[in-house]
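Subject: Handover of a structure and notes on its interfaces

Dear colleague,

I am passing a structure on to you, and my notes on it follow below. Please look through it before reading on.

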Amino acid sequence: MQNGIAITGMGIVSAIGLSVADNLNSLRNAQKGITQVDNFETSLRDRVRVGEIKLSNEQLSEKLHLPIDNSMTRTGMLGALAAQQAVANAQIDVTSQNYRTGLVSSTSVGGMDITEKYFYAYENRPELHRYIASHDAGVSSQHIADHLGLKGFVTTISTACSSAANAIMLGAQLIKSGRLDRVIVGGTDALSKFTLNGFNTLMILSDTYCKPFDQNRKGLNLGEAAAYLILESDEIVRKENKKVLAYLSGYGNANDAFHQTASSENGEGAYLAMQKAFKIARLSPQDIDYINAHGTATPNNDLSEGRALIRVFGERVPAFSSTKAYTGHTLAAAAGIEAVYSILALQNDLLFPNLNFETPMEEFQLLPQMRLLHQSVNHVLSNSFGFGGNCSTLIFSKA
Amino acid sequence: MEELKEELKGKIIEVLNLEDVAVADIDDSDALFGDGLGLDSIDALELIVLLDKEYGIKLSDPKQGKSIFESVNTMAEYIAKNRTK
Amino acid sequence: MKNPCYINGIGAVNAQGTWSDDPFTHIAEISNPLTMAIQPSYKELIPPAMIRRMSKGIKMGIFASQQALDDAAMGQVDAIITGTGLGCLEDSEKFLRNVLDNDEQFLTPTSFIQSTHNTVGAQIALRLGCKSYNFTYVNGATSFESALLDALIQMESEEANHVLVGGIDEIAGQTFVLKQLVQEVKANGTEEKLRDSQSPGVNFGEGGTFFALSTAKKDNTYAQILDVSIQNKSATEELTDFVTSFLTRNQISLADISAVVIGNNGDLVYDKYYTSFCTLFADKPQIFYKHLVGQSDVAAAFGLATAAFVLKNQIIPEAIQWNAVKHSALNYVLLYNQYLGKDHSLTLLHHVET
């Protein structure tokens with residue numbers, strides 16, 4: 001039976017750890033990575049909490065052994081760290097001519113962290129000019145490809161907070177269509193003053209720890225992260241007897257077509273995305289053991305997503321949680337890190353808790369998973385929704 | 001008060017980029033949202049910044065805007081009562 | 001048999017104005033380092049409540065997408081896929097300046113919201129009430145080709161029968177001052193036409209080009225898209241292999257190609273890639289188009305429109321002839337594009353009997 005597309009490697013850097021093992025450890029021990037902003041100056045410092053990776057750009061550059069005059073931005077460096085872990089985990093040689101290897105990355109901020117630092121300084125400081133071209137979103141992917149030594153198909157997706165889910169989805173379709181044999185898929189986003197202030201103007205940032213699916217939720221914590229999966233064709237898996245971590249069995253993307261930023265009241269886009277994913281996976285709602293929800297903890301998202309879950313699953317919504325209380329909302333990377341968490345749930349038969357939850361929402365009876373739970377997990381559904389009504393669902397299944 | 005209302009209409013047109021609307025087109029009691037001027041949630045956020053920037057009034061919860069931004073009348077009354085500049 | 005992909009409608013806004021039945025007769029070659037698009041009137045198309053927030057990139061996208069749908073007499077679509085290299089630059093710069101200039105005070109949400117890369121695709125979906133697949137690619141000079149490849153995959157895999165695909169890029173202030181600083185764009189006052197270019201850098205041109213694609217052909221179908229290939233890097237000497245392996249995968253040979261469409265842009269440093277590509281097709285008509293619309297990350301979308309026009313009408317207008325080779329029947333047309341030696345792409349089109 002066709003199980004979907006094989007996942008043979010994964011890598012992650014987030015506010016709760018710089019490796020898959022570290023992330024699992026934090027998830028198990030309810031250790032969140034939410035703090036004040038330490039890496040850059042911002043007047044919002046006392047008013048917001050974020051999921052920040054406590055490494056400076058210099059430290060990241062050292063970890064990657066980059067030359068001193070490199071032009072990588074924080075987004076690119078976080079991505080390179082996570083992607084090289086994934087490649088090592090899958091034990092693949094991306095330079096090999098035997099297989100067609102690609103990279104589908106995603107980002108929402110691109111090189112904004114550098115641009116906002118030097119925007120006005122560039123004209124008088126020629127030594128910074130090497131960064132000018134690094135602003136464009138696609139350049140972060142090129143830098144990651146160069147760092148890995150990958151020459152071939154490279155592209156970048158940017159659909160706001162569902163970006164990495166869409167990158168994973170495209171990767172699977174590139175393999176299915178026979179255009180690639182294996183593909184590195186995921187997303188990366190660094191924190192920046194630009195995004196922090198942007199979300200602040202929407203008045204959806206919490207001044208304390210975010211509380212997904214709680215009646216008294218005040219908004220989200222932003223975060224930064226990167227995560228990548230290695231997808232490989234069945235043929236490679238068979239030929240090389242590869243160890244499969246899990247399968248990507250379903251995926252779907254739909255548009256809410258309701259409002260540029262807000263989700264519709266009945267979660268139409270989310271509902272459609274989940275339906276499509278079930279169709280591709282040839283699974284039904286009762287097959288799902290755990291849902292890694294989008295759960296940003298904004299009043300609008302959690303209500304809309306909750307309603308969509310009820311529309312799809314009826315009275316029997318499976319155990320669900322949002323892991324954003326651990327990591328913050330990492331925008332384009334979010335679906336990437338949550339894919340890693342979904343696979344960890346399958347590998348370890350674990351459900352991760354929805355931290356900070358206290359009071360059920362008054363609109364419905366949904367209660368998120370509150371404690372770590374050992375339980376057989378065969379299929380996990382992961383949701384990611386973004387600006388522009390972009391709704392994506394991925395379904396992961398046990399290897 | 002009348003002066004404040006006229007000023008307010010001009011500023012609303014300006015910050016919300018209402019190109020086809022003139023000050024004279026807005027009645028003091030017209031609904032700003034919904035059927036009236038047809039503003040939406042993004043406009044509400046823009047108006048919150050307008051209160052802060054022009055009149056030194058800070059709203060921390062966007063829900064507060066609902067009653068304040070009902071019409072130019074309600075907005076002007078709230079500003080007159082709470083302005084710090 | 002996988003589903004075919006036909007170009008049934010085209011729409012565009014660029015330095016020459018908007019797309020028409022006769023887009024290559026009354027043209028003006030560009031020579032300005034920064035060439036703005038000639039903006040059509042948007043009032044008939046976009047209600048005032050929406051237009052008041054839109055930057056020109058969004059407006060160009062909406063116009064071009066609707067023009068493509070009208071051209072194909074297509075109402076609803078199963079996927080909207082866009083590409084943009086620089087994204088919604090105008091709003092992005094506006095919000096960034098406000099953050100930097102006002103010390104993070106008194107910031108308003110509109111420009112931040114509209115700065116998101118997928119704004120154009122989202123606004124088109126909102127307008128059409130289209131709840132289907134909606135992707136945006138932001139990969140430099142292969143942003144549009146990525147979108148096109150995705151469209152092909154959606155149609156081949158029977159996920160979609162009607163797809164709207166397009167590319168949009170706009171010019172905005174400081175970003176281009178910086179691009180001129182690093183000589184990516186020619187300096188102000190340079191005034192060089194593409195063929196007479198003596199300097200590094202390009203003449204940049206903004207615009208949007210959209211296609212209404214369908215698995216079913218119609219009386220006015222332009223051409224069939226057979227395949228797209230993308231490669232992040234290539235040395236000039238590796239180009240032959242890139243081209244031949246692509247053609248082999250599609251079971252045709254170099255000799256089968258009736259004409260090529262090249263993305264040369266007058267950059268003295270990097271146009272050697274096109275020279276090298278053209279040596280493979282020295283005896284074939286070569287077609288160029290960036291002298292009309294300028295370089296941008298999605299200019300190749302206009303190249304595709306050019307190729308589609310040529311195949312449909314079986315003529316190569318004088319204004320777009322790069323070499324003097326006369327054409328016979330136009331059957332297969334191959335497009336090649338790259339930028340700064342990176343982001344190489346090949347697109348293969350075939351003539352359709354209607």
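Across the interface of chain A and chain C, the rule finds 24 residue pairs in polar contact, with both members at pLDDT 80 or more. The model is a predicted one, and every value in this message was computed from it.

On the side of chain A that touches chain C, the elements that give two or more residues are α4 (112-118), α5 (137-148), β5 (153-157), α6 (163-176), α7 (193-201), β9 (246-255) and α9 (268-281) of chain A. Among these, α7(A) gives the most, with seven residues. Sorted by class, that side of chain A holds 25 nonpolar, 27 polar and eleven charged residues.

As for the extent of this interface, 63 residues of chain A are in contact with 63 residues of chain C, and the area buried between the two chains is about 5,200 Å², with carbon and sulfur atoms giving 59% of it. Within chain A, the residues that lose the most area to chain C are F119(A), R179(A) and F194(A), which together make up 13% of what that side buries.

The salt bridges between these chains deserve a separate paragraph. The rule finds six of them across the interface of chain A and chain C, while a search of the whole structure finds 36 over all chains. One that crosses the interface joins K151(A) to E238(C), with the closest N and O atoms 2.8 Å apart. This pair runs from E238(C), in the loop between β9 (223-233) and α8 (239-249) of chain C, to K151(A), in the loop between α5 and β5 of chain A. E238(C) counts as partly exposed because its relative accessibility is 33%, and K151(A), at 43% relative accessibility, counts as partly exposed as well.

Another pair that crosses between the chains is K131(C) and E268(A), whose side chains meet in a salt bridge at 3.8 Å, N to O. Here K131(C) lies in the loop between α5 (119-128) and β5 (133-137) of chain C, and E268(A) lies in helix α9 of chain A. Are the two partners buried or exposed, wholly or in part? K131(C) is partly exposed, with a relative accessible area of 36%, whereas E268(A), with a relative accessible area of 16%, is buried, because buried means under 20%.

Within chain A, the side chains of R125(A) and E127(A) also meet in a salt bridge, at 2.9 Å from N to O. R125(A) is partly exposed at a relative accessible area of 36%, and E127(A) is likewise partly exposed, at 45%.

The interface of chain A and chain B can be described in similar terms. Its contact takes four residues from chain A and nine residues from chain B, and the two chains bury about 460 Å² between them, 74% of it on carbon and sulfur atoms. On the chain A side, L202(A), M203(A) and H259(A) lose the most area to chain B, together accounting for 81% of what that side buries. How many salt bridges are counted between chain A and chain B? The count is zero, and the rule likewise finds zero residue pairs in polar contact across this interface, where both residues must be at pLDDT 80 or more. By class, the side of chain A that touches chain B has two nonpolar, two polar and no charged residues.

Chain B does have salt bridges of its own, since the rule links E2(B), K5(B), E6(B), K9(B) and D28(B) in a network of them. Elsewhere in that chain, E14(B) is found in helix α1 (residues 2-15) of chain B, and E14(B) counts as exposed because its relative accessibility is 61%, the class being set at over 50%. E14(B) and D25(B) are eleven residues apart in sequence and 14 Å apart in space, C-alpha to C-alpha.

Finally, there is one annotation to pass on for chain C. An unreviewed UniProt entry lists residues 43-172 of chain C as "domain: Beta-ketoacyl synthase-like N-terminal". In the model, the end C-alpha atoms of that span lie 22 Å apart, and the span is 49% helix and 14% strand.

With best regards

Note on methods:
Residues are numbered from 1 along each chain as its sequence is written. Chains are lettered from A and ligands numbered from 1 in the order in which they are written. This is a predicted model: local features need pLDDT of at least 70, side-chain atom pairs count only at pLDDT 80 or more; totals for chains, interfaces and linings use all residues. Side-chain values use heavy atoms; hydrogens and water are left out. UniProt positions are given in the numbering used here, feature names are shortened, and annotations may be inferred rather than shown by experiment. Helices (H or I, at least four residues) and strands (E, at least two) are DSSP runs, numbered from the N terminus. Contact means heavy atoms within 4.5 Å. Buried area is the accessible area (1.4 Å probe) that two parts lose on being put together, summed over both. A salt bridge is a side-chain nitrogen of Lys or Arg within 4 Å of a carboxyl oxygen of Asp or Glu. A polar contact is a pair of N or O atoms within 3.5 Å; within protein, one must be able to donate a hydrogen and the other to accept it, and residues adjacent in sequence count only if both atoms are side-chain atoms. Ala, Val, Leu, Ile, Met, Phe, Trp, Tyr, Cys and Pro count as nonpolar, Asp, Glu, Lys and Arg as charged, and the others, Gly among them, as polar. Buried means under 20% relative accessible area, exposed over 50%, partly exposed in between (1.4 Å probe, protein chains only).
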